[in-house]
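User: Can you walk me through this one? I'd like to go piece by piece.
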Amino acid sequence: MPETVEKKITSQDQWNTFLRSWLLMGSINLERWQALGYCWTMLPLFKKFYGDNKELYTKALKRNLEFFNTEPHMASIIFGMHMAMMEAGADIDAISGMKVALMGPFAGIGDSLIWGTLRTILEGLAISFALQGSLLAVPVFIVPWAIFVAAFMWFTQTYTYRLGADAVREMMAGGLMKRFTDYAGMVGIAVVGALTASFISITTPISFTSAGLTMKLQVFLDAILPKLIPLTLMLSAFALIRKGNSYTRVMLILFVIGFILGSLNLLAV
Amino acid sequence: MILYRVDDRLIHGQVTYSWVTQYSIDYLIIVNDEFYHDEFKKMVMMSSGDISMRKTKVLVYSMEIAAKEISSGKFSDKNLMLIFTNPIDVLNYAKAGNIKIDELNLGDMQYREGRKLLSKSLSSTVYINKDELESLKEMKAMGVKLFQQILAKSEKKDIDIEKLAF
């Protein structure tokens, strides 16, 4: 066997890492969070790259069992980086430094991209089905979610492995991630708007009578902007949440206002 | 207004979101020599701020530069949050710039070899080692109030450093 065989990451390695990475949170504890899942995901590659050097192998295992926590889908970028760095022969300490630097910011980005945006969009879609009593609400959420996250994880992992630090640079400072997040956010907002307009049916029964002519306020409001009242309520609730009120309190406020204005016949459904 | 926080992971999702929105932070300043001198790490920190926050900017300073910038009064009319990875850095920063710190939030310090548990709350822990404890004692003597609060709305827990001994 040749002395200097350069070890390479194969596409089989990529696939195995991708599959294993789904269990990143397979066993967490509040002291080290995803460390075990991370180490287990990379374990076959540690064996491959450090297996014949007991000292290095031990060091890799120890260092990769240290505290690690980030948004699980963004972790694929870190796995990609890790593989690129291992192949390039980087120091184990340097790799750990990379992990520590990236995990915090990625947690923030991932939370808003996946849980704040993707989930909101799919929930909006699913809710519209659920409100009509259709069981399709379930696959309408699960299927696009699974497809999106699988694609996201696979492509970020391989893209980052191929381009290494340049990939991260391109995504972060280069603005790729920001554009992606912004566009996704726009879709998310459109969904929220559509949900509000489709499913909140609050109107006002107020009408004025003057010189024998009865004018309904609702007709007037509809001429300005259809669904103006639901929009106003939705934006007010949003403003309250932004100010720091809890969801429960906002629901209570809406309930009280609805009850009062409803009993005074100023609002109707 | 300046908020001071010690957090192993510097910036991370829930923490920055809750603090930044609650106190309308204009600048999130990472004070860490290692991150300041590493181009890659610095780039990641600063651009992550761009991506996940609308109006808040992320800056990365070394301890010296942070001490200089803050004491120069450049940010006097802005809301700042300074994040350090450990209290020793905070002490050095305060000394270097002759800056008075009212209170320090030991938000999240993870277990590391050599560290002992100082304070524990529902979703965060504060582990410190001997040198970090010394720096905390020194800061307490300077009049800095120590507490632990992970999110802006979480319970603010006072920290009693007398309880821990090495």
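Analyst: Sure, we can take the sheet, the contact, the core and a few odd residues in turn. Bear in mind that this is a predicted model: local features need pLDDT of at least 70, side-chain atom pairs count only at pLDDT 80 or more, and totals for chains, interfaces and linings use all residues. Residues are numbered from 1 along each chain as its sequence is written, while chains are lettered from A and ligands numbered from 1 in the order in which they are written.

User: OK, the sheet in chain B. What's the strand order?
Analyst: The order is β3-β2-β4-β1-β5-β8-β9, an open sheet of 7 strands with mixed pairing. Strands (E, at least two residues) and helices (H or I, at least four) are DSSP runs numbered from the N terminus, and two strands pair if DSSP finds at least two bridges between them.

User: Which strands stand at the edges?
Analyst: β3 (57-61) and β9 (157-158) of chain B. Each has a single partner strand, so one side of each is left without a neighbour in the sheet.

User: And what packs on that sheet?
Analyst: Helix α1 (residues 13-23) of chain B does, touching β1 (2-7), β2 (27-31), β4 (80-84) and β5 of chain B. Its direction makes about 170° with that of β1(B). Here a contact between two residues means C-beta atoms, placed from the backbone, within 7 Å. Axes are lines fitted to C-alpha atoms, for helices over the stretch in contact, and angles run from 0 to 180 degrees between N-to-C directions.

User: Tell me about β2(B). Is it mostly covered or exposed?
Analyst: Mostly covered, with 4 of its 5 residues buried. Buried means 20 or more other C-beta atoms within 10 Å of a residue's own, exposed means 12 or fewer, and partly exposed is in between, with C-beta atoms placed from the backbone. β2(B) runs parallel to β3(B), with 5 bridges, and B:I30 has B:V60 as its bridge partner there. β2(B) also pairs in the parallel sense with β4(B) over 4 bridges, where B:Y27 is partnered by B:L80.

User: I was eyeing B:M81. Where does that sit?
Analyst: B:M81 is in strand β4 of chain B. With 22 other C-beta atoms within 10 Å, B:M81 is buried. Leaving aside neighbours within four places in sequence, B:M81 is in contact with B:L3, B:R5, B:W19, B:I25 and B:L28. B:L28 is 53 residues away along the chain, yet the two C-alpha atoms are separated by 5.0 Å.

User: Switching topic: which residues touch the most other members of the largest nonpolar core?
Analyst: B:I30, B:V31, B:A66, B:I83 and B:V90, in a core of 80 residues. The largest share, 11 residues, comes from helix α5 (residues 92-131) of chain A. A nonpolar core is a set of buried Ala, Val, Leu, Ile, Met, Phe, Trp, Tyr and Cys residues joined through C-beta atoms within 7 Å. As background, nonpolar side chains tend to be buried together in soluble globular proteins.

User: And what does B:I30 touch?
Analyst: B:L10, B:I11, B:F35, B:M45, B:V58, B:V60 and B:I83, not counting residues up to four places away in sequence.

User: How many residues does each chain put into the A–B contact?
Analyst: Chain A gives 21 and chain B gives 20. On the chain A side, α5, α7 (165-171) and α8 (176-199) each supply at least two residues, and α5(A) has the largest share with 10. By class, that side has 12 nonpolar, 5 polar and 4 charged residues. Ala, Val, Leu, Ile, Met, Phe, Trp, Tyr, Cys and Pro count as nonpolar, Asp, Glu, Lys and Arg as charged, and the others, Gly among them, as polar.

User: How do α5(A) and α1(B) pack?
Analyst: At an angle of about 75°, with their axes 7 Å apart. That makes α5(A) roughly perpendicular to α1(B) (65 to 115 degrees; under 35 is roughly parallel, over 145 roughly antiparallel and the rest oblique). A:A107, A:G108 and A:D111 meet B:G13, B:Q14 and B:T16 there.

User: Last one: what's odd about A:A211?
Analyst: A:A211 has a positive phi of about 50° although it is not a glycine. A:A211 lies in the loop between β1 (207-210) and β2 (213-216) of chain A, and counts as exposed with 4 C-beta neighbours inside 10 Å. Those two strands run antiparallel, joined by 4 bridges.
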